Amino acid sequence: MEKFSSAHILNLIVQNGVKVANDVLSRIRESVKYIKGSESRMIKFKECIEQVGGEKIVTALIADVPTRWNSTYEMLNRALKFRRELAILQLSDRNYKYYPSEEEWNRLEILCRFLQPFCDITNLMSDTSYPTSKLYFLQVWKIQRVFIRMSNDEDVVVSSMANKMMDKFQKYWEEYSDVLSLGAVLDPRIKFTTLYFCHKKIDAYTHDDKMENIKASVYKLFENYVNINSSTTIDQSQDNTHSSSQGSMETRGWNDEIFDKLFLHNQHLAINAGKYELDIYLEEPILVIDNWNSFDALQWWKDNSCRFPNLSLMARDL
């Protein structure tokens, strides 16, 4: 359910922003509708394609579903590939009146580059059965970086769209950024080193405080896992010791009970010392791999659960 609500939020953010570029959107929609509206127009457009010398097919032009922004992105992206063919159609068919201006084409190119990261994260949520938090962090960070860059674009329409989307996005980012950051810390390819870099790129003035808060949260959460697992292990040991002592009362004396208590005490200290799991993990170099996308972080934690028994459970849950 969470991934579908995330996709829905993303859809609302983009829909809210692309309204600003409605003029160029309308021209592309009407162009697609005009060409696909009759067999004769499709034949004429095919002739335009042949004049350019391409092997594109008319059906590659697609209409969008206005309530689904990613279909709008796909429509715009496809239309860009037929820019020359549409220009020829405009010259050969005086009834075709929807050809975008040079300024609108340039804006369309910027708009497609702007929307590409949103398409990536939407596909991530749609194609992955169980997307993990560390996958979201870098995608959301990339989107925020795009917002910052596009909000300063010289095209007033593009900058207005970016700022409008940023306002809505910021509300959700503030709510989820810490949780996503915790998941990123427990990705052995990212850890605090990469996280520090990402937050500094977003806001150079607040990133130090932000990182201190995230670090404190990581350690606090880890201590909870250590305490819970420590209590569980000791309770199980006490039960085993009690049943063992009951079964061998005739052969065991009170000296053995003292050693049992000493063993439990040392075991308790050893479990508490497990807090250094987190320090060891963070001090190790980040994992460098050739194929970033093929890496399975959950499998890595499973393989390293003997070294990090408490931390691996925390990583799994996050």
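A salt bridge here is a side-chain nitrogen of Lys or Arg within 4 Å of a carboxyl oxygen of Asp or Glu. The model is a predicted one, so local features need pLDDT of at least 70 and side-chain atom pairs count only at pLDDT 80 or more, while totals for chains, interfaces and linings use all residues. Residues are numbered from 1 along each chain as its sequence is written, and side-chain values use heavy atoms, with hydrogens and water left out.

On that basis, the structure holds 11 salt bridges. One of them pairs E74 with R78, with 3.0 Å between the closest N and O atoms. These two sit 4 residues apart in helix α4 (residues 69–80), so about one helical turn separates them; helices are DSSP runs of H or I, at least four residues, numbered from the N terminus. As for exposure, buried means under 20% relative accessible area, exposed over 50%, and partly exposed in between (1.4 Å probe, protein chains only). E74, at 27%, comes out as partly exposed, and R78 is partly exposed too, at 25%.

Helix α6 (residues 102–127) has a similar story to tell: R107 and E103 both lie there, 4 residues apart, about one turn of the helix. Their side chains meet in a salt bridge at 3.1 Å, N to O. Here R107 is buried at 12% relative accessible area, whereas E103 is exposed at 52%.

Another bridge links D317 and R316, at 3.2 Å from N to O. D317 is partly exposed at 44%, and R316 is exposed at 53%. Elsewhere, R83, E102 and E109 are tied into one network by salt bridges that share partners.

Then there is the charge left unpaired. K19, K164, K168 and K171 make up a positive surface patch; patch residues have over 30% relative accessible area and no salt bridge, with like charges joined within 9 Å, and the place of a Lys charge is taken as NZ. Of these lysines, K171 lies in helix α8 (residues 156–185) and is exposed, with a relative accessible area of 57%.

Moving back along the chain, S151 is found in the loop between α7 (133–150) and α8. S151 is buried at 17% relative accessibility, and its side chain reaches the backbone oxygen of I148 at 2.8 Å. Within α7 itself, V140 is buried at 11%. The C-alpha atoms of V140 and L180 are separated by 9.2 Å, with the two residues 40 apart along the chain.

Note on methods. Patch = residues over 30% accessible without salt bridge, like charges linked within 9 Å, V, L, I, M, F, W, Y side chains within 5 Å. Areas by Shrake-Rupley, 256 points an atom, 1.4 Å probe, with all protein chains shown as cover. Lys, Arg positive; Asp, Glu negative; His and termini not counted. Polar contact = N/O pair within 3.5 Å; in protein donor to acceptor, adjacent residues only side chain to side chain.
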